[in-house]
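Work through the exercises below with the coordinates loaded. Each one states a task and then solves it step by step.

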Amino acid sequence: MDFNMKKLASDAGIFFTRAVQFTEEKFGQAEKTELDAHFENLLTRADSTRNWTEKILRQTEVLLQPNPSARVEEFLYEKLDRKVPSRVTNGELLAQYMAEAASELGPTTPYGKTLIKVAEAEKRLGGAERDFIHTASINFLTPLRNFLEGDWKTISKERRLLQNRRLDLDACKARLKKAKAAEAKATAEQELRVAQTEFDRQAEVTRLLLEGISSTHVNHLRCLHEFIESQTTYYAQCYRHMLDLQKQLGRFPGTFVGTTEPASPPLSSTSPTTSAATMPVVPSVAGLVPPGEAALCLEEVAPPASGTRKARVLYDYEAADSSELALLADELITVYSLPGMDPDWLIGERGNKKGKVPVTYLELLS
């Protein structure tokens, strides 16, 4: 008990001495031992590394999991050292809704068939996203988090200890200056030598840890390359899945299919209005036109006895082959149907030009 009381009193005295030294330094009433320029540069680089590592970590977490509630839940599971439960991705949930919608609205209808195909693609996209999140978490987030929760805490602890050793050293210097008697000076000099030794030792330990930041940068660089590799794989998988979906949708007449070109087609300069909507063109896909219609000679086609109708074009449409008629948004054309023709297509006429046009691009008028 006496030992504990003496140690407590000693610790209180040291704390008080450091507090006095720190306060006097702040008011400019005491000298402060400055660290060399190289050491200060190491401190600055370490602080910057910690700062940007935290920001990159947090924003990557947002990228992988945009839902803040889900991020908080995952954080709590990690702190409790429990396995994070498997979570359905947004793509997989969308796929589920589309499949259920197709089942209820009619899986044999054009809309239902397309919903099923898109649902399958969205499910594959969701699976690819799940794999990407898992890989990025292990190869990128975990090393960054380990640095902040491991190496950086060690560096911070040693820096605080160095600060205390520095305060002790400067307090000893101040006592030596104030000492008048020879005995007091001898005691102060002895305390100063001890304090200087402890400060130098702690400065060396801290310096070695700070220089280790270079190794941290090398490790984070490797992790960054792995993150980009996993991200590239993820987007390549998504691209392949969407190409497969596009090819499948192209086999359904009248289905909207995106262009395979990297950029969207510009608005037609001859369009009646620049505000008219422009839909992606339908590329030429094998099997788009039924075999019986492909052999149709449009020059020999005459309007049926039942007559024709006017139609306004809703979107620009680029003809896939010579049997189709290219369309411009907002123009008016004459349309009619022929016996046995696919209900998703009509014959369109503009002047002396004639060709098949998709019904979904038209607004039929009276």
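## Exercise 1: Place T187

Task: locate T187 in the secondary structure and state its exposure.

Solution. Step 1: T187 is found in helix α6, which spans residues 182-211. Helices (H or I, at least four residues) and strands (E, at least two) are DSSP runs, numbered from the N terminus. Step 2: the relative accessible area of T187 is 41%, so T187 is partly exposed. The classes are buried under 20% relative accessible area, exposed over 50%, and partly exposed in between, with a 1.4 Å probe and protein chains only. Step 3: T187 and C172 are 15 residues apart along the chain, and their C-alpha atoms are separated by 9.9 Å.

The model is predicted, so local features need pLDDT of at least 70 and side-chain atom pairs count only at pLDDT 80 or more, while totals for chains, interfaces and linings use all residues. Residues are numbered from 1 along each chain as its sequence is written, and side-chain values use heavy atoms, with hydrogens and water left out.

## Exercise 2: Pair the strands

Task: work out how strand β2 is paired and whether β2 is enclosed or open.

Solution. Step 1: take strand β1 (residues 309-313), which pairs with β2 in the antiparallel sense over four bridges. Two strands pair if DSSP finds at least two bridges between them. Within this pairing, R309 has V335 of β2 as its bridge partner. Step 2: turn to strand β3 (residues 345-350), which pairs with β2, also in the antiparallel sense, over three bridges. Here T334 has E349 of β3 as its bridge partner. Step 3: check the burial of β2 (residues 332-336). Four of its five residues are buried, so β2 is largely enclosed by the rest of the structure.

Step 4: examine the loop between β1 and β2, where D330 lies. D330 has a positive phi of about 80° although it is not a glycine. Its relative accessible area is 25%, so D330 is partly exposed.

## Exercise 3: Trace the aromatic contacts

Task: find the aromatic pairs that involve F227 and F132 or F140, and classify them.

Solution. Step 1: search the whole structure, which gives seven aromatic pairs. Rings of Phe, Tyr and Trp (its six-membered ring) pair if their centres lie within 6.5 Å; planes under 30 degrees apart count as stacked, over 60 as edge-to-face and the rest as tilted. Step 2: F132 and F227 are 6.1 Å apart centre to centre with 35° between the planes, a tilted pair. This pair links distant parts of the chain, with F132 in helix α5 (residues 110-178) and F227 in helix α7 (residues 213-249), 95 residues apart. F132 has a relative accessible area of 7%, so F132 is buried. F227 is at 7% relative accessibility and therefore counts as buried.

Step 3: F140 and F227 are 4.8 Å apart centre to centre with 20° between the planes, a stacked pair. F140 is in helix α5 and F227 in helix α7, 87 residues apart, and this pair too links distant parts of the chain. F140 is buried, as is F227. Step 4: assemble the cluster: F132, F140, F227, Y234 and Y235 form one aromatic cluster.

## Exercise 4: Check the salt bridges

Task: find the partners of E61, R207 and E226 in salt bridges, and their spacing in the helices.

Solution. Step 1: apply the rule that a side-chain nitrogen of Lys or Arg lies within 4 Å of a carboxyl oxygen of Asp or Glu. The count comes to 15 salt bridges. Step 2: E61 bridges to R58, with the closest N and O atoms 3.6 Å apart. E61 and R58 are three residues apart in helix α2 (residues 37-64), so about one helical turn separates them. R58, E61 and R145 are linked in a network of salt bridges.

Step 3: R207 bridges to E204, with the closest N and O atoms 2.3 Å apart. Both lie in helix α6, three residues apart, about one turn of the helix. Step 4: E226 bridges to R222, with the closest N and O atoms 3.1 Å apart. E226 and R222 are four residues apart in helix α7, so about one helical turn separates them. R222 is at 44% relative accessibility and therefore counts as partly exposed.
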